[in-house]
Amino acid sequence: MPSLNKVTARKLTTNTDKSLLQKELPEKVIQFGEGNFLRAYMNWMLQQMNKQQLFNGRAVAIQPTPHGKVVPKLNKQDGLFTTILQGIEDGEEKQEIEVNSTISRSINPYDDWEGLLKLAESDSIEFIFSNTTEAGLAYKEEPYPEKESPLSFPGKLTALLYRRYTYTNGGTGFTIIPCELVEENGNLLKSIVLRLAEEWELPEAFTEWVENRNTFCNTLVDRIVPGYPKDTVKEWESRLGYEDTLMAVGEPFHLFVIEADPSLEEKLPFQKAGLNVKWDKVKPYRDLKVSLLNAPHTLLFSAGFLSGLNTVREVMEDQTISSYVRRVVFEDILPHLSFDSQEKEAFAESVIERFQNPFVKHQLADLGLNAVQKLKSRVFPLLKQQEYVPAAISYSLAALFHYYKPYTIHDGHFMGLQKGRQYKVRDDEVVLQTFIDFWKYKQQTKDDIADLLSNQSLWEQDLSHLTEDVFYYFESIDLNGAKGAAELLLQTAAPIENHK
């Protein structure tokens with residue numbers, strides 16, 4: 001079977017825009033990162049604009065770490081790869097398959113440092129995108145890179161900006177749009193660049209140029225991208241008619257919020273291409289996403305897992321637990337969000353469709369990693385404006401307590417046991433030890449629950465006013481199982497007064 005490349009692509013009868021493939025388009029983008037997410041998200045967006053002749057540009061992909069394995073694959077496939085979007089949209093299953101031609105070439109800066117720096121001398125390049133993971137958007141003490149690439153992404157970017165500054169004699173800079181899932185990612189990246197400029201003793205005029213001639217945008221990205229379909233790759237190759245080592249599977253839903261002047265839309269016409277891009281403040285959309293997507297994930301995982309389910313999709317196929325999820329989303333969270341009614345309701349509906357996606361296997365055990373911290377950052381902030389605490393919170397806490405029951409204890413984690421299957425519980429050391437102590441006796445009393453809920457080093461607040469409710473559901477899960485307890489909640493539960 002042939003491998004995907006430009007020769008193969010020209011012979012395809014479906015899933016490729018041959019006219020676009022053959023076009024000579026200028027390089028307008030440098031992208032730090034060539035992984036599944038950036039290719040199925042940012043490169044997919046560039047492709048949609050290119051197909052409509054709205055952007056007419058390509059990207060140069062930069063390998064962010066010394067151990068990356070994607071660049072050789074990209075070079076072998078002439079920068080081409082297949083995006084496969086699968087999911088439910090507007091109540092119907094959707095599938096979109098496309099050969100993406102937005103990457104003109106790729107560079108390993110550890111082999112070709114000068115090749116990366118030369119990009120700063122290109123008149124056509126205007127934009128820098130990145131997705132180097134949360135760990136990549138961090139300061140690292142490094143010497144000024146004379147002849148070889150720094151390890152950090154901010155180090156590479158600072159050197160690239162300095163080459164641009166010197167080559168253009170303080171002329172036009174870049175629009176820099178990081179896609180890492182970090183709050184105020186643009187501001188953070190800019191602060192690290194300025195810190196490195198000071199430590200490397202670069203001219204003050206360069207610092208002023210970074211501040212005044214470059215734009216750093218805060219962003220929020222949202223699309224689930226499972227990536228390479230290793231379990232079904234043979235079926236895909238048979239269907240596509242070629243081998244592609246860079247197939248990227250994602251969901252149809254996408255959201256991109258960019259905190260920048262809307263006039264930037266003229267140069268990056270995402271909206272004109274029909275893409276779900278907002279030129280707006282990031283925080284309200286971040287709060288919406290955390291409240292309606294991440295918080296329900298945290299509230300459903302233990303209930304689902306203790307009910308014998310494995311994935312979010314299985315949760316949504318179970319009548320009882322899916323009813324619990326819908327109650328959480330539409331009754332306990334949605335009415336209390338200060339956001340445009342139509343937009344928040346549409347987002348909530350899209351969340352349910354995403355949870356139902358038959359093509360994404362979102363493991364409940366993965367959602368349970370560091371669950372206490374997730375409760376504190378995703379769920380508890382929702383209670384600040386509410387007069388009453390929804391019963392689902394108390395039920396979820398009770399389910400979490402059962403989920404955090406140790407079976408065997410190891411360094412940095414312990415294993416739980418549910419109906420004969422072991423699962424890993426990983427969290428902060430203090431959290432793990434607290435639950436080890438909680439479960440050391442055979443019987444857990446109401447006083448034990450009260451002590452646990454009042455532990456402010458654990459929750460960063462006193463939750464003891466929830467003792468009656470949590471103890472009720474804790475015992476109910478013991479007697480009836482998590483699903484039986486959820487059925488009781490759906491039939492009889494009432495919220496209790498909130499002690500903010």
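The exercises below concern helix packing, strand pairing and a salt bridge in a predicted model.

**Exercise 1. Describe how helix α13 packs on helix α21.**

Step 1. Helix α13 spans residues 319-333 and helix α21 spans residues 467-492. Their axes are 9 Å apart and make an angle of about 45°.

Step 2. Angles under 35 degrees count as roughly parallel and those from 65 to 115 as roughly perpendicular. The angle of about 45° is in neither range, so α13 is oblique to α21.

Step 3. The crossing of the two helices, α13 and α21, is left-handed.

Step 4. From α13, the residues in contact are Thr320, Ile321, Ser323, Tyr324 and Arg327. From α21, they are Lys483, Ala486, Glu487, Leu489 and Leu490. Sorted by class, this contact holds 5 nonpolar, 2 polar and 3 charged residues.

**Exercise 2. Describe the packing of helix α11 with helix α16.**

Step 1. Helix α11 (residues 282-306) and helix α16 (residues 371-379) cross at roughly 145°, and their axes come within 9 Å.

Step 2. The handedness of the crossing between α11 and α16 is left-handed.

Step 3. On the α11 side the contact includes Val290, Asn294 and Ala295, together with Thr298, Leu299 and Phe301. These meet Ala371, Lys374, Leu375, Ser377, Arg378 and Val379 of α16. The contact of α11 with α16 has 7 nonpolar, 3 polar and 2 charged residues.

**Exercise 3. Work out the pairing of strands β3 and β4 and the connection between them.**

Step 1. Strand β3 covers residues 81-89 and strand β4 covers residues 92-100. They pair in the antiparallel sense over 9 bridges.

Step 2. One bridge pair is Gln86 with Gln95, the latter in β4.

Step 3. The hairpin has 2 residues between the strands, and Asp90 takes a positive phi near 55° there.

**Exercise 4. Give the strand order and the edges of the sheet that contains β15.**

Step 1. This is an open sheet of 3 strands in the order β14-β15-β16, with antiparallel pairing.

Step 2. β14 (408-410) and β16 (421-425) each pair on one side only, and are the edge strands.

Step 3. On average, neighbouring strands of this sheet are turned by 25° against each other, direction ignored.

Step 4. β14 is joined to β15 (residues 413-418) by 3 bridges. Ile409 stands opposite Phe414 in β15.

**Exercise 5. State which parts of the chain the salt bridge of Lys267 and Glu126 ties together.**

Step 1. The closest N and O atoms of Lys267 and Glu126 are 3.5 Å apart, and a salt bridge requires such atoms within 4 Å.

Step 2. Lys267 lies in the loop between β11 and β12, and Glu126 in the loop between α5 and β6. The pair therefore ties together parts that are 141 residues apart in sequence.

Conventions
Residues numbered from 1 in each chain as written. Predicted model: local features only at pLDDT ≥ 70, side-chain atom pairs only at ≥ 80, totals over all residues. Heavy atoms only, no water. Axes fitted to C-alpha atoms, helices over the stretch in contact; angles between N-to-C directions. Helix = DSSP H or I, 4+ residues; strand = E, 2+ residues; numbered from the N terminus. Parallel < 35°, antiparallel > 145°, perpendicular 65-115°, else oblique. Left-handed = near helix turned anticlockwise from the far one by under 90°. Contact = heavy atoms within 4.5 Å. Nonpolar A, V, L, I, M, F, W, Y, C, P; charged D, E, K, R; others polar. Pairing = 2+ DSSP bridges. Salt bridge = Lys/Arg side-chain N within 4 Å of Asp/Glu carboxyl O.
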